[in-house]
Amino acid sequence: MATLKGGEFLIKQIPANEIFSVEELNEEQKMLRDSAKEFIDREVVPQRERFEKKDYAFTEETMRKLGDMGMLGIAVPEEYGGLGMGFVTTMLACDYLSGTTGSLATAYGAHTGIGTLPIVLYGTEEQKKKYLPDLATGTKFGAYCLTEPDAGSDANSGKTRAKLSEDGKHYIINGQKMWISNAGFADTFTLFAKIDDDKNITGFVINRSELENPESLTFGEEEHKLGIRASSTRQVFFNDMKIPVENLLGERNNGFKIALNALNVGRIKLAAACLDAQRRILNHSIQYSNERKQFNVSIATFGAIRKKLAEMATGVFVSEAGSYRAAKNVQDKIDELVAGGMDHQAAELKGVEEFAVECSILKVFVSDLAQHTADEGIQVYGGMGFSEDTPMEAAWRDSRISRIYEGTNEINRLLAVGMLIKRAMKGELDLLSPAMAISKELMGIPSFEVPDYSEFMSEEKAIIANLKKVFLMVSGAALQKYMMDIEKQQHLLLNASEILNQIYMAESAVLRAEKHFSPDSVEAAMAQLNLYKAVEKITVAAKEGIISFAEGDEQRMMLSGLRRFTKYTNNPNVVALTEKVAAHYIEKGTY
């Protein structure tokens, strides 16, 4: 059976048995998860204050312990000193090592992701043998130098320059990078510069300890940041820094592609890095609600608090569903390509690239939700939540950066829709045929038959199928009007992105509930609760979009279609679903 294409979820009915979720982890993966969780609870949770007091040395010390455990080499092939585990397992490690402090999460993510993966994916055999064993074991730490003061989201506009030396043996690098995670204790630097007047940037890799002139690589002071306070973040300066020509990474002019693919991996991993943070915030909130008394009763008895806890729990369930579904899709694609004869390095590149749309969806949805969960956590704690004595204040500050790095959420929203449109225009994904079919459907007479929704999740799946029609209706009509100028319509693209994100995550939750849980389960209630909220958000975004570009009969017809496609036959009792979820977790005391 051929694996699913990236973005294909929009035009296919996905059976529940074709998606993966955390309920299906194998024994090896469960052992790794439990080992990661035990390490964090033992080594990190009791030392939370050290991270908040900017103890950079302690971050480095903790990273070395992770290296000793093998946690830094999970994605590095065995022949280069790593564990060579699959994509789902790398997500799992990122998930459970990242939840307590954003400082460690950032150090870990920057090292194992953008600090190591470009060498895994683009390095020559010599480069991989030289750099990866030390990175996999934590003997050396990695940093990734892309962003510049005048080149943030527009990474290709960087001013750092590389010039070939007269003897042809070195590139001489001059320039400046900023916001470089791990810069204070890293030795292996992946950096990007334009050679001469090239159009595109080129990648390079170098060990700081091997520089002919140590003063050619200098650093600014540690940045003082809103959150992730013990994550080493510095400016990096290249002053006639000599890099041997064999240290060029990939091909000349190909640095932008290296950067993009590294960021694609980073995006889905960032979603994973927000998962355990949500779980821990929720667990703290449940515990506090059960213990805190007001008016002689626990605040967990108050409806306003119960509603918050139910929505926070639902957010965790949905975030897990989408993240691990996409991770397994990537893994399946990699396995398919390897089975077809492609080498693992190229297969991993293609696998992640194939699901770049889903990576962006997850980055946006889960990081937005993580911040909201932290905000609600503060609210549950009330005045105590604003105090540094409780974990909520730091959780809120740490979560804020997730909406900015790996490409801002606004950039990622535009990217997801833009990539879909490009795939459709290249003929890689047929969005046009279903969009035209929906236009015909809108012209026809709707059916007044009452469907049989007796089967578990059948109405929910029918609604999701209709929400996909909403996306195709709005985006198809907008494309017809604006054609190649669609990229300039950012307001409209942001609306389309909201629809897209909500569809993918709602479908993931519904299919997870259908596959693994019973109709009367709390998981089914969470999937139904999330879908109801998704329908509401999609209705607002679609209506705003339609009114912005359609007029007269076309507008009336599309708004009528929107009402048809977002209509429930049996409206869910949202209050009852919310109460069911709240009661379950308040009694259980944990997620």
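The structure holds 45 salt bridges. I should say at once that this is a predicted model, and I shall use a few of these ion pairs to guide us through it.

Let us begin in helix α1, which covers residues 27-44. K37 pairs here with D41, and their closest N and O atoms lie 3.2 Å apart. Both residues belong to this helix, four positions apart, which is about one turn. As for their surroundings, K37 has a relative accessibility of 37% and therefore counts as partly exposed. D41 is likewise classed as partly exposed, with a relative accessible area of 34%.

A second pair in the same helix involves E38 and R42. Their salt bridge brings the closest N and O atoms to 2.6 Å. Because E38 and R42 are four residues apart in helix α1, about one helical turn separates them. E38 is partly exposed, at 41% relative accessible area, and R42 is also partly exposed, at 43%.

Now please turn to helix α9, residues 275-291. D276 forms a salt bridge with R280, with 2.8 Å between the closest N and O atoms. Here too the partners are four residues apart within one helix, about one turn. Are these two side chains buried or exposed? D276 has a relative accessible area of 3%, so it is buried. R280 is buried as well, with a value of 17%; the cut-off for that class is under 20%.

Which residues link these pairs into something wider? A network of salt bridges connects E23, K37, D41, D95, D276, R279, R280, E320 and R512. The K37 and D41 of helix α1 and the D276 and R280 of helix α9 are thus members of one network, because salt bridges link them all.

I move next to the surface. E78, E79, E125 and E126 form a negative patch. One of its members, E126, lies in helix α7, which runs over residues 125-137. With a relative accessibility of 60%, E126 counts as exposed.

There is also a nonpolar surface patch, made of M425, M483 and M484. Together these three methionines have about 360 Å² of accessible area. M425 is found in helix α14, residues 409-425, and is partly exposed, at 48% relative accessible area.

For a contrasting position, consider N329 in helix α10, residues 303-339. How accessible is N329? Its relative accessible area is 12%, so N329 is buried. N329 and G184 are 145 residues apart in sequence, and their C-alpha atoms are 36 Å apart in space.

Finally, the overall picture. The protein contains 20 helices and 10 strands. Its C-alpha trace spans about 80 × 60 × 40 Å along the principal axes. For 591 residues, a compact globule would be expected to have a radius of gyration near 25 Å, and the protein, at 25 Å, agrees with that expectation. Of those 591 residues, 57% are buried.

To close, I would leave you with two pairs side by side. In helix α1, K37 and D41 form a salt bridge, with K37 partly exposed and D41 partly exposed. In helix α9, D276 and R280 form a salt bridge, with D276 buried and R280 buried.

Definitions and conventions: Residues are numbered from 1 along each chain as its sequence is written. This is a predicted model: local features need pLDDT of at least 70, side-chain atom pairs count only at pLDDT 80 or more; totals for chains, interfaces and linings use all residues. Side-chain values use heavy atoms; hydrogens and water are left out. Patches are made of residues with over 30% relative accessible area and no salt bridge: like charges are joined within 9 Å, nonpolar side chains (Val, Leu, Ile, Met, Phe, Trp, Tyr) within 5 Å. Accessible areas come from the Shrake-Rupley method with a 1.4 Å probe; for residues, only the protein chains shown count as cover. A salt bridge is a side-chain nitrogen of Lys or Arg within 4 Å of a carboxyl oxygen of Asp or Glu. Lys and Arg count as positive and Asp and Glu as negative; His and the chain ends are not counted. The place of a charge is taken as NZ of Lys, CZ of Arg, CG of Asp or CD of Glu. Helices (H or I, at least four residues) and strands (E, at least two) are DSSP runs, numbered from the N terminus. Buried means under 20% relative accessible area, exposed over 50%, partly exposed in between (1.4 Å probe, protein chains only). The radius of gyration is taken over C-alpha atoms; the globule rule is 2.2 Å times the number of residues to the power 0.38.
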